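Please look through the sequence and the model shown here. The report that follows takes up one helix, its surroundings and the cores.

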Amino acid sequence: MYGAGDVRVETVPDARLAEPTDAVVTVTRSAICGSDLWPYKSMEPSEEGRPMGHEFIGVVEDVGDEVRTLKAGDLVVTPFVWSDGTCVFCREGLHTSCLHGGRYGVDTDGGQGEAVRVPQADGTLVVLPVEKDDALMPSLLTLSDVMATGHHAALSAEVGPGKSVAVVGDGAVGLCGVLAARRLGAEQIILLGHHPARVAIGQDFGATDVVSERGDEAVERVQELTNGFGAHSVLECVGLEQSMSTALRIARVGGAVGRVGVPQEETIPEAIRTFFDNVAIAGGPSPARAYIDELFPDVLEGKIEFGRVFDRVSP
């Protein structure tokens, strides 16, 4: 990406091993993230450009001498950052803060290229026990980011059995947030969105109510649906000031907001009200590597079609 709306396909040097803990992976499927979409709309022009992509599935082509859990030919999925899996933060389930980790497209190749050098391969890559053309591929691809991120939002918002949940945003992460809330036993799931096709998927995923209004009208509608109390748990899956303001305003007294939309503003609104209402605000980039093993069985057993959140496929 060279600037807003300026994406080019170029020939770059082949991915190669650089460290004994590396693997080289040929990409078979890759997804586009919201963090790709924001710069696509607003990135300042750049002379050198920036490699794109950080969530992908692929086949291991080569491994370094110190890699122990992978071999050439393995089909693998990666979280959207790489991590060693052994540092103090990884052991606490915060792989996105790994002391020896990094980001695709910044510290190594971009995940939308043909091949990627994956540092810290043992701590990062997860072997998939399926064929590369398996029908489960779209759902497995969600584990690299969007489903793990929706799950992180739900955990951060303290979703649990019997609770009311509001999900702000009907994009891929928001829809995965609906799934995550259902998995965790929420009694009421309110989806705030206005795209008919996505809302329909959200309802299939478990949304009990839909709010298509925005701003004050959305807040009023959620209050009506929750008997005037607001939602116990709110998942903010957009990142704009308005969406964050809405999320905080619809939270119940003593409730929690899990924010996973990449923030487009420097400050959090509604600071005074949320302070006096004891509303917890948590979340951030999802430590997807910590969640893949938990979410994996649901995909393999076909319980939930996570892959339905993808609405376009390009060869």
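## Span and burial of helix 6

Helix 6 has 12 residues and reaches 17 Å from its first C-alpha to its last, close to the expected 16 Å (1.5 Å times one less than the number of residues); helices here are DSSP runs of H or I with at least four residues, strands are E runs of at least two, and both are numbered from the N terminus. This is a predicted model, in which local features need pLDDT of at least 70 and side-chain atom pairs count only at pLDDT 80 or more, while totals for chains, interfaces and linings use all residues. Residues are numbered from 1 along each chain as its sequence is written, and side-chain values use heavy atoms, with hydrogens and water left out.

Of the 12 residues of helix 6, 9 are buried (under 20% relative accessible area, with a 1.4 Å probe and protein chains only), among them V173, L175 and A181. The buried residues pack against helix 5, strand 8, strand 9, helix 7 and strand 11.

## Pairing with helix 7

The axes of helix 6 and helix 7, which are lines fitted to C-alpha atoms over the stretch in contact, come within 9 Å and cross at roughly 10°. The two helices are therefore roughly parallel (an angle under 35 degrees). Their contact (heavy atoms within 4.5 Å) involves L175, V178, L179 and R182 of helix 6 and R198, I201, G202, D204 and F205 of helix 7.

## The largest nonpolar core

The largest nonpolar core (buried Ala, Val, Leu, Ile, Met, Phe, Trp, Tyr and Cys residues joined through side-chain atoms within 4.5 Å) has 48 residues, and helix 6 gives the most to this core, with 7 residues.

Technical notes: Axes fitted to C-alpha atoms, helices over the stretch in contact; angles between N-to-C directions. Parallel < 35°, antiparallel > 145°, perpendicular 65-115°, else oblique. Buried < 20%, exposed > 50% of the residue type's maximum accessible area, 1.4 Å probe, protein only.
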